[in-house]
Amino acid sequence: MDNILDIIQKYLHNTATMSEIEQLEQWVRSSPENAALFKDHVFIHERKVKANATFNPEKAFEDFLQKTNNTTQPKIPNKWIAVAAIGTLIILISVFNKKQTSSTKSPEIVETSKKNEAIILTLEDGSKKILNENGMEVFIDISGDTLRQQHENTLTYQENKKSTPGKTGYHTLEIPLGKTFKIQLSDGSSIWLNAGSRFRFPVEFDKNGAERKVELIGEAFFDITKNKKQPFIVSASGVDIRVLGTRFNVSSYQDDNQIKTTLVEGSVHIFDQKDHHNNTLISPSEQSVFDKYSNKMETKEVNVDKYISWIYNRLFFENDPFHEIVKKIERSYDVRIENKNEELNSIRFTGEFDIEKVEDVFETFTTNTPFNYKIEKNEITINK
């Protein structure tokens, strides 16, 4: 019992390991008494840390069970489950030095729709295959061995024991805006790809090779299988990220000025591709920020939850300027936003959202910072 209580405290303080979370899940599901005790601990923790009288432990408990039971998402020690019960928005604060005198203005919503863009897998021969998010398919070679298989939103590659050392093809996976996808590589490593990302990887890793190398444009969360003999290298349009076996997030979109590497567990080494003397080693809860124009690299401590929230279909803003928030919304919802209200760009916001309807996000923004906006299909225009 003492061991379980220790794990609960670790979980609530974001320090539990993946195996401890799995052990906690089994214990919680084993009896109603255990479930009730867990809810009590979550409630006490939230009242103590956040002094939040509206916190709903029943909803937090349901979220815990749902997330630990979702095999398509990583079981990462996180604070989402404990705090995700206050509604679509936990808190949204407009931070700016300006007195608000006007009232909230009503939005004009004409019609919303999504582009029906596909997830595309490009094979080694250049041919392209469209992947259905709900697809179930198995790909086999002429000998009948499974090479890869898709189960809904996950594509899994198998190790081919009959392959020739030193010879392997590369595939490229492209994720459109508004969607995410998971891939498991032949070495067992799992990668979650965010909206608007492009990921190039070998069909299987050469066991005799010096390294395991992949290429990323966009954003991805990596859960890498440990292999001391073959470091895992992520080439991300300006930096090479070298790991042995760890979990980390990389954001490297082409239209961003910075490449951000955020570490959850283990350690990673980041190198400037043009100058390997320019490098840094980061620890858990640290982030490396590489400026693409100055080549300057800096390290800072961060709230990891903010940078992995997209895995759980959430948007997390923490004192972020509005112009950066606009980019996240465009990618997550596959919309184009034209901001004609330049004053908004200097305002910073903090908040959490479930990714549901883009209308809900904008309605919440205007609650504290009144402005007009119009949503028409996938176009959003912001006015004063």
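## Contacts along the chain

Among contacts between residues at least 6 apart in sequence, 55% join residues at least 24 apart in this chain. Please keep in mind that the model is predicted. Its secondary structure comes to 8 helices and 25 strands.

Of the chain's 384 residues, 47% count as buried. The exposed surface amounts to about 19,200 Å², and carbon and sulfur atoms supply 45% of that area.

## Two nonpolar cores

In soluble globular proteins, nonpolar side chains tend to be buried together. Here the largest nonpolar core holds 37 residues, and the members that touch the most others are Leu173, Phe199, Phe222 and Phe248. Strand β12, covering residues 212-223, gives the most to this core, with 4 residues. Apart from this core lies another, of 22 residues, with Leu315, Val335, Phe349 and Ile380 among them.

Phe199 is a good place to start exploring the larger set. Leaving aside neighbours within four places in sequence, Phe199 is in contact with His171, Thr172, Leu173, Ile183, Leu185, Ile191, Leu193, Val214, Glu215, Leu216 and Phe222. Two of the core members named above, Leu173 and Phe222, are thus on the contact list of Phe199.

## Ser190 and its surroundings

Ser190 belongs to strand β10, which spans residues 190-193. This serine counts as buried because its relative accessibility is 8%, under the 20% limit for that class.

Residues up to four places away in sequence aside, Ser190 touches Lys182, Ile183, Gln184, Phe221, Phe222 and Asp223. Ile183 and Phe222 also appear among the contacts of Phe199.

## The largest pocket

Rolling a probe the size of a water molecule over the atoms shows where empty space is left. The largest pocket has a volume of about 710 Å³. It is lined by 31 residues, of which Ser251, Asp256, Lys260, Glu324 and Lys328 are the closest to its centre.

Several elements supply at least two lining residues each: strands β15 (247-252), β16 (258-265), β20 (297-301) and β21 (314-321), together with helices α6 (304-308) and α7 (322-333). In terms of residue class, the lining divides into 13 charged, 10 polar and 8 nonpolar residues.

## Positive phi angles and a pair of loops

Most residues other than glycine have a negative phi, and most peptide bonds are trans. With that in mind, Asp334 deserves a look: its phi is positive, about 55°, although it is not a glycine. Asp334 sits in the loop between α7 and β22 (336-339). Its relative accessible area is 3%, so Asp334 is buried.

Lys377 also has a positive phi of about 55° and is not a glycine. This lysine lies in strand β24, residues 372-377. With a relative accessible area of 49%, Lys377 is partly exposed, because the exposed class begins over 50%.

Asn378 is found in the loop between β24 and β25 (379-383). With a relative accessible area of 13%, Asn378 is buried. How far apart are the C-alpha atoms of Asn378 and Asp334? They are separated by 7.0 Å, while the two residues are 44 residues apart along the chain.

Key:
Residues numbered from 1 in each chain as written. Predicted model: local features only at pLDDT ≥ 70, side-chain atom pairs only at ≥ 80, totals over all residues. Heavy atoms only, no water. Buried < 20%, exposed > 50% of the residue type's maximum accessible area, 1.4 Å probe, protein only. Contact = heavy atoms within 4.5 Å. 1 Å grid on protein atoms, 1.4 Å probe; cavity = no way out; pocket = protein on both sides within 12 Å on 5 of 7 lines; lining within 4 Å. Points joined across faces, edges and corners; volume = space filled by probe spheres on them. Nonpolar A, V, L, I, M, F, W, Y, C, P; charged D, E, K, R; others polar. Areas by Shrake-Rupley, 256 points an atom, 1.4 Å probe, with all protein chains shown as cover. Core = buried A, V, L, I, M, F, W, Y, C linked by side-chain atoms within 4.5 Å.
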